[in-house]
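Open the model in your viewer and keep the selection tool at hand. We will walk from one stop to the next, and at each one I will say what to pick.

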Number of protein chains: 2
Amino acid sequence: MEHIYFDSRKKNLVLLDQRFLPAQEKWFRCADTSDVVYALQKMVIRGAPAIGVAAAYGCVLAALEVKGGDAWLKSLEEKTREISQARPTAANLGWAVQRMLAACKSRIFSTATDLAGFWLEQALEIHREDVRSNRLMGSHGLDLLEDGDTVMTHCNAGALATGGYGTALGVIRAAVEEGKRIRVIASETRPFLQGARLTAYELARDNIPVRVACDNACAYLMHRQMVNKVVVGADCIAANGDTANKIGTYALAVLAERHGIPFYVAAPLSTFDLSLPSGEDIPIEERDPQEVRYIMGQPIVPEDVDVYNYAFDVTPHHLISGIITDKGILSLPLQDNTGAL
Amino acid sequence: MEHIYFDSRKKNLVLLDQRFLPAQEKWFRCADTSDVVYALQKMVIRGAPAIGVAAAYGCVLAALEVKGGDAWLKSLEEKTREISQARPTAANLGWAVQRMLAACKSRIFSTATDLAGFWLEQALEIHREDVRSNRLMGSHGLDLLEDGDTVMTHCNAGALATGGYGTALGVIRAAVEEGKRIRVIASETRPFLQGARLTAYELARDNIPVRVACDNACAYLMHRQMVNKVVVGADCIAANGDTANKIGTYALAVLAERHGIPFYVAAPLSTFDLSLPSGEDIPIEERDPQEVRYIMGQPIVPEDVDVYNYAFDVTPHHLISGIITDKGILSLPLQDNTGAL
């Protein structure tokens, strides 16, 4: 499923608009940086690795936007900063923009248009790399899943959350490609319903058996021994392995431990932010309360009542059985037996 | 808030239709037994004690429906059985119907109309008793809440779930009436959204500060020490204190224990079914998948993907700090220090 691409003719970044799935497959065209910031903030596209890929293409648009003259570099810095600050939690966002900036450090571009051409190559490479790293995570992680397993996952850590193939769903896809029979339980993931809308959508398209459960039903399914493994993605991993992921992940980790169910995180190394010592240091985004107050345009909370809308929570490393990365599986607390960090 | 009443002139049981709250205050009129069964099954009215009260009034309609002649007693038995089997989990449903039947055991009624008149008095008494028992729960439970507490509750165990005043919300109301400043976090309670729609609605009407959280956000709020107590209602309590309540209660109990937060159940003695040794024996209702697949009429799951819709789960007694009843507070495992059981 190609859900992010750069239209070189029209000079647009084109995104499958995830706000309308599965009911409608609409495409959202970003013509400039502000469109990209809007798409990230309103979750036209979401999922930390996909945010990173979209941000890389967004830098290309930034380069195309700046006018010539002395000020272009300053203007470019501003626009790339706007992109990298569009959302606070996903580590891959800052990582991708930093990588774009670093790539041109030792080079000289006489015009911003030259830079745009160079950056498009860089962005395409980041995109391809992300898909490759998902496939590597799949190959490292597939042995953790056994034939006949029912795997619970939260939110969407699939093709739609990445450049393609997926992190958590990539591990599941790799196990299925090996011939293992895997069933998936997708927790619906309020308020944005990524599990019900996106994970169910993409697994059903791939004919991988999937069934949706309300977030509050997951504990009961675990109690009834209907879940063998939990595999989720990540938005940011601190130096000690504490992992920020979609709100609700922490609850599943506590419940998995209580029921003796292994709990894995699948994420590329670009999701690690080693400048953050622990999960307490990860900034947690609070989003617009309207996302909780309305579902598909329908109000569900009385008008005068306030709501919480933290977008992420932090799972402490001691609840994580292992982090499946593109370089191998990390045990917790982090010992970096891959040599990659 | 009078949300259940018997219209003696029209011989209708009249219910505030909880499916449309808080957006619309519609009233649902039950003219006969089948209307009552429909109202219970479709959750026009829900909440175990309220179900019991509605069922008692439903028996009056059953008595009014049966024709004279030899067959009226048999027909009556059939109709009351239909009511008592409308939903499987709420213990108060069978309790109320049994109590109606028991009340007329040693009496002779020459006509079903005579019985209906007698039963209306009985139903009114069950209704009044339920409100009294909620007030008693409030007076027993209010000392468990401290001035300044933030209390998390799940689903709706308020006036709308009972004859009036509420079980869990009754305890909160009683503490507020004592002058304690209590804030409430209502978990939204998918799929029927009783927390977002009903608990928020009735607490806001009473000017008790309430804020709604998605079910999957509760663990994070506990981790951030934003919750001091959890108080919930119950649909059925087994002989050992294991408690069936709205799906998601079990998760909150596990999470409360992990965060050192006291977890209380508030329920009248009519919610106990001592014929059931433990929670494993409580029948758990599975409801129409469409309730999960659609929210306020909008589809949220791809058409070809199945869902789970267990309506309840069981919280084992060892996770419950105490059961607040109309006769006093029971410690777990049940020792019946009230002498009431």
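How many residues does the contact take from chain A, and how many from chain B? The contact takes 56 residues from chain A and 56 residues from chain B, where contact means heavy atoms within 4.5 Å.

Before going further, a word on conventions. This is a predicted model, in which local features need pLDDT of at least 70 and side-chain atom pairs count only at pLDDT 80 or more, while totals for chains, interfaces and linings use all residues. Residues are numbered from 1 along each chain as its sequence is written, chains are lettered from A and ligands numbered from 1 in the order in which they are written, and side-chain values use heavy atoms, with hydrogens and water left out.

**Stop 1: the interface**

Show both chains together. Between them, chain A and chain B bury about 4700 Å², 66% of it on carbon and sulfur atoms; buried area here is the accessible area (1.4 Å probe) that two parts lose on being put together, summed over both.

Now select Glu188(B) and Arg190(A). These two form a salt bridge, with their closest N and O atoms 2.5 Å apart. In total, six salt bridges are found across the interface of chain A and chain B, counting a side-chain nitrogen of Lys or Arg within 4 Å of a carboxyl oxygen of Asp or Glu. The interface also has 22 residue pairs in polar contact, both residues being at pLDDT 80 or more. A polar contact is a pair of N or O atoms within 3.5 Å; within protein, one must be able to donate a hydrogen and the other to accept it, and residues adjacent in sequence count only if both atoms are side-chain atoms.

Which elements of chain A give two or more residues to the side that touches chain B? Select helices H7 (194-205), H8 (218-223) and H9 (249-258) of chain A, then strands S6 (210-213), S12 (298-299), S13 (306-307) and S14 (312-315) of chain A. Helices (H or I, at least four residues) and strands (E, at least two) are DSSP runs, numbered from the N terminus. H9(A) gives the most to this side, with six residues. Colour the side of chain A that touches chain B by residue type and you will find 36 nonpolar, eight polar and 12 charged residues; Ala, Val, Leu, Ile, Met, Phe, Trp, Tyr, Cys and Pro count as nonpolar, Asp, Glu, Lys and Arg as charged, and the others, Gly among them, as polar.

**Stop 2: a sheet with strands from both chains**

Keep S13(A) selected and add S6 (residues 210-213) of chain B. Two bridges join these parallel strands, and Asp306(A) has Arg211(B) as its bridge partner. Strands pair if DSSP finds at least two bridges between them.

Follow the sheet onward: it is open, has eight strands with mixed pairing, and runs in the order S13(A)-S6(B)-S5(B)-S4(B)-S7(B)-S10(B)-S15(B)-S16(B). S13 of chain A and S16 (328-330) of chain B stand at the edges with a single partner strand each, so one side of each is left without a neighbour in the sheet.

Step inwards to S4 (residues 150-153) of chain B. S4(B) pairs with S5 (residues 183-187) of chain B in the parallel sense over four bridges, one partnership being Val151(B) with Val184(B). S4(B) also pairs with S7(B), again parallel, over two bridges, and here Met152(B) has Val230(B) as its partner.

Which way do the residues of S7(B) point? Lys229(B) and Val231(B) point one way and Val230(B) and Val232(B) the other, and all are buried (under 20% relative accessible area, with exposed over 50% and partly exposed in between; 1.4 Å probe, protein chains only). In a regular strand the side chains alternate between the two faces of the sheet. Beyond S7(B), three bridges in the parallel sense lead to S10 (residues 263-266) of chain B, with Val231(B) partnered by Tyr264(B).

**Stop 3: a hairpin in chain A**

Select residues 12-16 of chain A, strand S2, where five of five residues are buried. S1 (residues 4-7) of chain A joins S2(A) by four bridges, running antiparallel, and Tyr5(A) stands opposite Val14(A). The two strands form a hairpin with four residues between them, and Lys11(A) in the turn has a positive phi of about 55°.
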